[in-house]
Amino acid sequence: MELNDSLYNNYRKAGEILKTVKEESKKLVVDNYKVVDLVEFIEKKIIELGGFPAFPCNISINSVAAHYTPNLTTDLTLKTGDYVKVDIGCHIEGCIADSAYTVKVNEKDDNLILSTQEALKNAIDVVEPGVKTNYIGKVIEDTIKEFNFNPIKDLCGHGLKPYILHTGTTVPNYNSNMGTKIKEGDTLAIEPFASTKAGKLKNSEEVYIFKYLQDRPLRDPGSKKLLSVIKQNYKTLPFAERWLERDYSDLKINFSLRNLIRANAIYPYNVLIDSEGGLVSQAENSVIVTSNGCEVYT
Ligand code: MN
Ligand code: MN
């Protein structure tokens, strides 16, 4: 396994861009800042630095755990005391860097935030060839429970492959019974989530993020056009309704997206919410497994 070939260098390049974007975006996670301005800043910065968004920037606030991104006209703003999870993906030729942080707006990091930061750190410390993914999950679960919170079992880390955000390999946030042995050269995103409640999630009806699944026979010409645009621009990676609103305002985006979901041509990432209204924190980094540990590249 040659970890300095061009493939791994693309992962690292994507990671360098992501590091810069994370640092610059943190300054904007303040009271009254518009969420749409935050995601647009982040995604534009990625492009300016030579990368591409690997998925729409997710801004999930308080009990919202994942998969929220605003539309262009969304008025939502950040408020003091909000737990804001900023989850960013950048890719270079399909090689993905995936990383997230949580900020409590205009306040210091508290135990909920520290629990996921610490869980991520402890998880990264045990990564090496031969370690099973459920052991990493156990380390995450134990750490979060030491802080008297619960890990969110419905969300997990994942293997990364060119143009594939979630490979078959999952890295659970708890000690699941089955695991996969990780090996040198694997690229993984590890992402502990903690909740102040039991940590069970439910699907919201709302959906703003989608991905292409397959070509399907479609009667509506607008939907047909939109599907070809999606396939060409985003390939198999997730995209936002907002991106289409910006670039294809002549198409009936919302109507066509619903059509494409019904036809099973695209997959909807419904917004995920803590089912008991628990507050949620997340931390995430991407790593390349090396011969004796791992290299964190985000
Ligand atoms: Mn992520
Ligand atoms: Mn991820």
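This briefing walks through how the domains and helices of this protein chain pack together. The model is a predicted one. The domain assignment splits the chain into domain 1 (5-202 + 273-296) and domain 2 (204-272). Three helix pairs are also described below: helix 1 with helix 2, helix 3 with helix 4, and helix 5 with helix 7.

**How the two domains meet**

- The C-alpha centres of domain 1 and domain 2 lie 24 Å apart.
- Domain 1 brings 29 residues to the contact, and domain 2 brings 18 residues.
- The size of an interface is often given as the accessible area lost when the parts come together.
- Here, about 1900 Å² is buried between domain 1 and domain 2, with 64% of that area coming from carbon and sulfur atoms.
- On the domain 1 side, look for His67, Asn71 and Tyr163, which lose the most area to domain 2 and together make up 31% of what that side buries.

**Helix 1 and helix 2**

- Helix 1 covers residues 6-26 and helix 2 covers residues 35-48; their axes come within 10 Å and cross at roughly 150°.
- Angles over 145 degrees count as roughly antiparallel, so that is how helix 1 and helix 2 run relative to each other.
- Helix 1 passes helix 2 in a right-handed crossing.
- To find the contact, start from Ile17, Val21, Glu24 and Ser25 in helix 1, which meet Leu38, Phe41, Ile42, Lys45 and Ile46 in helix 2.
- By class, this contact has six nonpolar, one polar and two charged residues.

**Helix 3 and helix 4**

- The axes of helix 3 (residues 111-126) and helix 4 (residues 133-146) come within 8 Å, crossing at roughly 150°.
- That angle makes helix 3 roughly antiparallel to helix 4.
- Helix 3 and helix 4 cross in a right-handed way.
- Helix 3 contributes Ser115, Thr116, Glu118, Ala119, Asn122, Ala123 and Val126, which meet Tyr135, Ile136, Val139, Ile140, Thr143 and Ile144 of helix 4.
- The residues of this contact divide into eight nonpolar, four polar and one charged.

**Helix 5 and helix 7**

- Helix 5 (residues 221-234) packs against helix 7 (residues 253-262) at an angle of about 80°, and their axes are 9 Å apart.
- Helix 5 is therefore roughly perpendicular to helix 7.
- Gly222, Ser223, Leu226, Leu227 and Ile230 in helix 5 meet Ile253, Ser256, Leu257, Asn259 and Leu260 in helix 7.
- This contact has six nonpolar and four polar residues, with no charged residues.

How values were computed: Residues are numbered from 1 along each chain as its sequence is written. Chains are lettered from A and ligands numbered from 1 in the order in which they are written. This is a predicted model: local features need pLDDT of at least 70, side-chain atom pairs count only at pLDDT 80 or more; totals for chains, interfaces and linings use all residues. Side-chain values use heavy atoms; hydrogens and water are left out. Axes are lines fitted to C-alpha atoms, for helices over the stretch in contact, and angles run from 0 to 180 degrees between N-to-C directions. Helices (H or I, at least four residues) and strands (E, at least two) are DSSP runs, numbered from the N terminus. Angles under 35 degrees count as roughly parallel, over 145 as roughly antiparallel, 65 to 115 as roughly perpendicular and the rest as oblique. A crossing is left-handed if the near helix is turned anticlockwise from the far one by less than a right angle, and right-handed if clockwise. Contact means heavy atoms within 4.5 Å. Ala, Val, Leu, Ile, Met, Phe, Trp, Tyr, Cys and Pro count as nonpolar, Asp, Glu, Lys and Arg as charged, and the others, Gly among them, as polar. Domain bounds come from an automatic or database domain assignment. Buried area is the accessible area (1.4 Å probe) that two parts lose on being put together, summed over both.
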